[in-house]
Amino acid sequence: MENRPQWGTRAGFILAAVGSAIGLGNIWRFPATAYENGGGAFFVPYLFALLTAGIPLLILEFTMGHKYRGSAPLSYARMNKKYEWLGWWQVGIAFVISTYYAVIIAWAMSYSVFSLNLKWGEDTGGFLIGEYLQVAAPGEIGGLVPSVLLPLVIVWVVTLGILFKGVKKGVEVANKIFIPALVILFLIIVVRALTLEGAGTGLNAFFKPDWSTIADGKVWVAAYGQIFFSLSIAFAIMITYSSYLPKKADITNNAFITGFSNSGFELLAGIGVFSILGFMAVQQGVGVDEVVAGGVGLAFVVFPQIINEFPAFKELFGFLFFGSLVLAGLSSLISIVETFIAGVQDKFKVSRTKAVAFGGGLSALVSILFATKGGLNFLDVADYFINQFGVALAGLVQVIVVVWFARQLKPLQSHANEISDVKLTGFLGSWWKLSLAVITPIVLGYMMFDLIRTNIA
Ligand code: PFF
Ligand code: NA
């Protein structure tokens, strides 16, 4: 606690928090999720989740980290010795995510190089599975895939190198470079996308509201899931990052900035991705719904196809797109790994160097599992499990423990008010408390109930 590292500037903290939030979730998860859950109508549950869970929890986590000055396990322990386990659980989720998140960044890194000569050829799906990932026939699982291993090593060298340098000289400096660069790259992509033939068709498909979905519980589950994953909430990250804030920090305001920047970027990504999908649909003379994809399929199968058909500067466009995935991914990966490094450091009182070498090294080793011939399957399973159970459940337990068991709402509210310019009083105060004490637990509780019900049935 005595010589806890500190951010150099306010902008440094905000950029790091925004860097953690903006990631693969914005670019390849949000557009398809919104489309599949009602298009324009999805914005209702989405905004509701942002305003009643996303930002309130962000304020809660920022305040906890600032008040208790520790990584998640230490912060929970200082709040009440009984709840240290919750911090470790969240750190555990972060660890699992880091192992596969790194692999996806490695793929994006390869693909940014492949863009330069459109190496994926005409059959982009076949290239991804057969040539690049070398997914073996069932029964032939195992064996390292060198084409994935090399970029994966680079991802880890860069990430751990930044983390070795520390919070201010490493994490802060990296985000100050990555995030502005990402925004510029992405704006170029979106402007180009909007001027493609067919962009309007794509945007119509994206924004056309299907109001019949609004009463569907699944759509609300999707909205909350998206907000949690996208804002890096309930992964112990925001607690860790805010534990490095100086004494005086406008945490409430910072939470609003982080929350709205992340959603703004998400909207931008939706517009960019759907303009491009519209282009593809018009080229092929099919409906947008036939080309929509999310996740791995969107980035590594559909996008390469689209780049093949691009009117001009195919190679450059591909390079910018995959380059922006790499930047967005790295700034998030750094935050995920920092979370468990900080946990290990606080707990075992070891140096940062040792914690990075041990914690980061362990994650790097585990991630190699996904660079094997059947790795893609492990990745799907890990991602599904984490998103369905890890995140929402950890978030639910977090609000119940902090708000109802440890009775922290009042003390955290006064702490936030002491240091923030934007005060949680009057309407803002009631909104914050009502969201955390009532709305979020009810909605998340229902989500868990629904998940268990549908998984058993
Ligand atoms: N918020 C990041 C995104 O939207 O991609 C992803 C993320 C970061 C998820 C950190 C989890 C995490 F712990
Ligand atoms: Na995000």
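The bend at a residue is the angle between two axes, one fitted to the seven residues ending there and the other to the seven residues starting there. The exercises below concern a predicted model.

**Exercise 1. Describe the course of helix 3, stating where it is kinked and how many of its residues are buried.**

Solution. Begin with the extent: helix 3 runs over residues 43-68, and its 26 residues reach 35 Å from the first C-alpha to the last, which is close to the 38 Å expected at 1.5 Å a residue. Next, apply the bend, which shows a kink of about 40° centred on Leu50. Then turn to the surroundings, where 21 of the 26 residues of helix 3 are buried, leaving the helix mostly covered. Finally, look just past the end of helix 3, where Arg69 follows with a positive phi near 50°.

**Exercise 2. Determine how helix 2 and helix 12 are oriented to each other, and which residues make their contact.**

Solution. Two packed helices are described by the angle between their axes and the distance between the axes. For helix 2 (residues 24-36) and helix 12 (residues 251-284), the angle is about 75° and the axes lie 8 Å apart. Helix 2 is therefore roughly perpendicular to helix 12, because angles of 65 to 115 degrees are given that description. On the side of helix 2 the contact is made by Asn26, Ile27, Phe30, Pro31 and Ala34, and on the side of helix 12 by Asn262, Phe265, Glu266, Ala269, Gly270, Val273 and Phe274. Sorted by character, the residues of this contact comprise 8 nonpolar, 3 polar and 1 charged.

**Exercise 3. Compare the surroundings of helix 1 and helix 15 by naming the buried residues of each and the elements that cover them.**

Solution. Take helix 1 (residues 10-21) to start with: its 12 residues reach 17 Å between the first and last C-alpha, close to the expected 16 Å. Of these 12 residues 9 are buried, so helix 1 is largely enclosed by the rest of the structure. The buried residues are Phe13, Ile14, Leu15, Ala16, Ala17, Val18, Gly19, Ser20 and Ala21, and what covers them includes helix 8 (167-194), helix 10 (217-230), helix 11, helix 12 and helix 14.

Now treat helix 15 (residues 352-367) in the same manner: it has 16 residues and reaches 21 Å from its first C-alpha to its last, close to the expected 22 Å. Here Ala355, Val356, Gly359, Gly360, Ser363, Ala364 and Ser367 are buried, and their cover includes helix 5 (84-115), helix 7 and helix 14 (314-348).

**Exercise 4. Decide whether Gln134 and Arg407 are buried or exposed, and state where each is placed.**

Solution. As background, most residues other than glycine have a negative phi. Gln134, although it is not a glycine, has a positive phi of about 50°, and a positive phi of about 50° is also found at Arg407, likewise not a glycine. Gln134 belongs to the loop between helix 6 (124-132) and helix 7 (146-164), whereas Arg407 sits in the loop between helix 16 (375-405) and helix 17. The count of other C-beta atoms within 10 Å settles the remaining point: Gln134 has 20 and is therefore buried, while Arg407 has 10 and therefore counts as exposed.

**Exercise 5. For Phe178, Gln413 and Lys248, find a residue that is distant in sequence and give its separation in space.**

Solution. Phe178 is part of helix 8 and is buried, since 22 other C-beta atoms lie within 10 Å. Its C-alpha is 7.1 Å from that of Ser331, although the two residues are 153 apart in sequence. Leaving aside neighbours within four places in sequence, Phe178 is in contact with Gly19, Leu327, Leu330 and Ser331.

Gln413 lies in helix 17 (residues 409-419) and counts as buried because it has 20 C-beta neighbours inside 10 Å. Thr63 is 350 residues from Gln413 in sequence, yet their C-alpha atoms are 8.2 Å apart. When residues up to four places away are not counted, Gln413 touches Leu424 and Gly429.

Lys248, in the loop between helix 11 (237-242) and helix 12, is exposed because 10 other C-beta atoms lie within 10 Å. Between Lys248 and Glu418, which are 170 residues apart along the chain, the C-alpha separation is 9.0 Å.

Terms used:
Residues numbered from 1 in each chain as written. Chains lettered and ligands numbered in written order. Predicted model: local features only at pLDDT ≥ 70, side-chain atom pairs only at ≥ 80, totals over all residues. Axes fitted to C-alpha atoms, helices over the stretch in contact; angles between N-to-C directions. Helix = DSSP H or I, 4+ residues; strand = E, 2+ residues; numbered from the N terminus. Parallel < 35°, antiparallel > 145°, perpendicular 65-115°, else oblique. Contact = placed C-beta atoms within 7 Å. Nonpolar A, V, L, I, M, F, W, Y, C, P; charged D, E, K, R; others polar. Expected span 1.5 Å × (residues − 1).
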